[in-house]
Amino acid sequence: MRLGVLTAGLLAVSLTLVSCGSSPTTAAPGQPPAGGGADPYSAYDSLTGTQRTQKLLADAKKQGGVLDLYTSNTDIQDLVDGFKKAYPGIKVNAFRANSETVLQRALQENQANKPQNDVIDTNDLELRALDSQKLLHPYDGPAKAGLRDTAKGLGGWTAERFNAFVVGWNTSLVPPGQEPKSFAELAEPKWKGKLSVEIGDWDWYASMYTYLTEEKGMSKAAADSFFKKLVSNVKVTKGHTVQGELLSAGQFSVALSVYSHTVDKAAKLGAPVAWRPAVDPVILRPNGVGLMAHPRHAAAALLWTDWVLSDGQKIIAKSLRIPAAKSVPGYKDPIPAGTTTYSLSKTAETDTKKWNADYDALLRGVPKAG
């Protein structure tokens, strides 16, 4: 099953579960487990500064000194190490998998009335699915003030970092001066067999499509024709990490939807890859952190979230990702000044099944890379 299709299926399942009644022994989604009900975070609402941190740390130790974290973040170990350095008395159990698996696990456990995690760190669409069932608790701690406006107001979750979809290329196959100058030119015959897209990136496709039609005024017929020409030039990869590795290895010349940090990390290690000068638009997608509504370790969950949205932002910036904080000492925005950026449109947010199906149909029969 395609990852994108799985995401749509899980989003549909999440909505179905909301409308279903619960069994006599199982709480309905979004409702407190049997025997619970009080807001597990309310005791800390009025606390700030050292008083808040000391209280959270003391209570976290009383609750077992453990944090259970579900995440799709491939750089999670750097954050775990930083948190453990700041709070050595707290053990972090991190379950890492792709975003669809993380979502499925959290949904199934809560439907069975046996939630096992305190915090979730994953992609925006999966967080929206959890929030639609009221399985997340909004964060309103002191770190919120230091975040970009685009990181806040997202419902039951908060952006922790931003992934940037960029057009990246292998500099051995595309020498300086010959790199693509525009997205439109990549549909030209000279790029036949030299491009790659990732098989689950329906959200990237939805963003690019709506950018062309809603922002640039292209008709839907013209956009459909353009993407058919574009896809005739591509090979498909599965997974962004694999996509980056194959780009570095020269399996194709250009990746249309690679993450900026994937290219930057590879280049830092000596791989012949680049993405600047940037091809407009750069697609920005928030990845976030969500407090579970019914955690087993509420104090540790808040302690983690306070930290990852403040001091932890330095580690996120060091990993060459785009932090959610307004200001991080020593951080330089990887997106060049003047570059057009665009985020997933409201149209795509509300019609995930359509965009997923359209992207799946667009890629049908496209050869695999590697």
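This note covers one strand and its partners, the aromatic contacts, and the spaces inside and on the surface of a predicted model.

1. **Strand 6, covered on both sides.** Strand 6 spans residues 195-198. Leu 195 and Val 197 point to one side and are buried. Ser 196 and Glu 198 take the other side, and they are buried too. Note that a charged residue, Glu 198, is among the buried ones.

2. **Neighbours of strand 6.** Strand 7 (residues 234-237) pairs with strand 6 in the parallel sense, over 4 bridges. Within that pairing, Val 197 faces Val 236. Strand 8 (residues 254-259) also runs parallel to strand 6, joined by 2 bridges. Here Leu 195 has Val 254 as its bridge partner.

3. **A long-range ring pair.** The whole structure holds 16 aromatic pairs. One of them is Tyr 211 with Tyr 342, an edge-to-face contact. The centres are 5.4 Å apart and the planes meet at 65°. The two residues are 131 apart in the chain: Tyr 211 belongs to helix 6 (residues 202-215), Tyr 342 to strand 12 (residues 341-343). Both Tyr 211 and Tyr 342 are buried.

4. **An aromatic cluster.** Phe 183, Trp 204, Tyr 205, Tyr 209, Phe 226, Phe 227, Trp 355 and Tyr 359 make up one cluster. Trp 355 has a further contact: Lys 354 lies over its face, 3.9 Å from the ring centre. Elsewhere, the charged end of Arg 105 sits over the ring of Phe 95, also at 3.9 Å from the centre.

5. **Cavities.** A search of the whole structure gives 5 cavities of 30 Å³ or more. The largest encloses about 50 Å³. Its lining includes Phe 183 and Trp 204, two members of the aromatic cluster. Among the other lining residues are Phe 165, Val 166, Val 167, Met 208 and Leu 256. Strand 5 (158-170) and helix 6 each contribute at least two residues. Strand 5 has the largest share, with 3. By class the lining has 10 nonpolar residues, no polar ones and 1 charged. The charged residue is Asp 280.

6. **The largest pocket.** Its volume is about 790 Å³. The lining has 39 residues; closest to the centre are Thr 74, Gly 239, His 240, Thr 241 and Tyr 259. Many elements give two or more residues to this lining, including helix 1 (3-19), helix 4 (99-111), helix 9 (260-268) and strand 10 (282-292). Helix 8 (240-249) is on that list as well, and it has the largest share, 6 residues. The classes are 7 nonpolar, 18 polar and 14 charged.

7. **The second largest pocket.** This one has a volume of about 440 Å³. Of its 19 lining residues, Thr 150, Phe 162, Leu 284, Pro 286 and Ser 343 are closest to the centre. Helix 5, strand 10, strand 12 and helix 12 (346-350) each supply at least two residues. Strand 10 gives the most, with 3. The lining divides into 8 nonpolar, 4 polar and 7 charged residues.

8. **Shared elements to check on screen.** Helix 6 carries Tyr 211 of the long-range pair and supplies at least two residues to the lining of the largest cavity. Helix 6 also gives two or more residues to the largest pocket. Strand 12 holds Tyr 342 and contributes to the lining of the second largest pocket.

Conventions
Residues numbered from 1 in each chain as written. Predicted model: local features only at pLDDT ≥ 70, side-chain atom pairs only at ≥ 80, totals over all residues. Heavy atoms only, no water. Buried < 20%, exposed > 50% of the residue type's maximum accessible area, 1.4 Å probe, protein only. Pairing = 2+ DSSP bridges. Phe/Tyr/Trp six-rings, centres within 6.5 Å; stacked < 30°, edge-to-face > 60°. Lys NZ or Arg CZ within 6 Å of the ring centre and 35° of its normal. 1 Å grid on protein atoms, 1.4 Å probe; cavity = no way out; pocket = protein on both sides within 12 Å on 5 of 7 lines; lining within 4 Å. Points joined across faces, edges and corners; volume = space filled by probe spheres on them.
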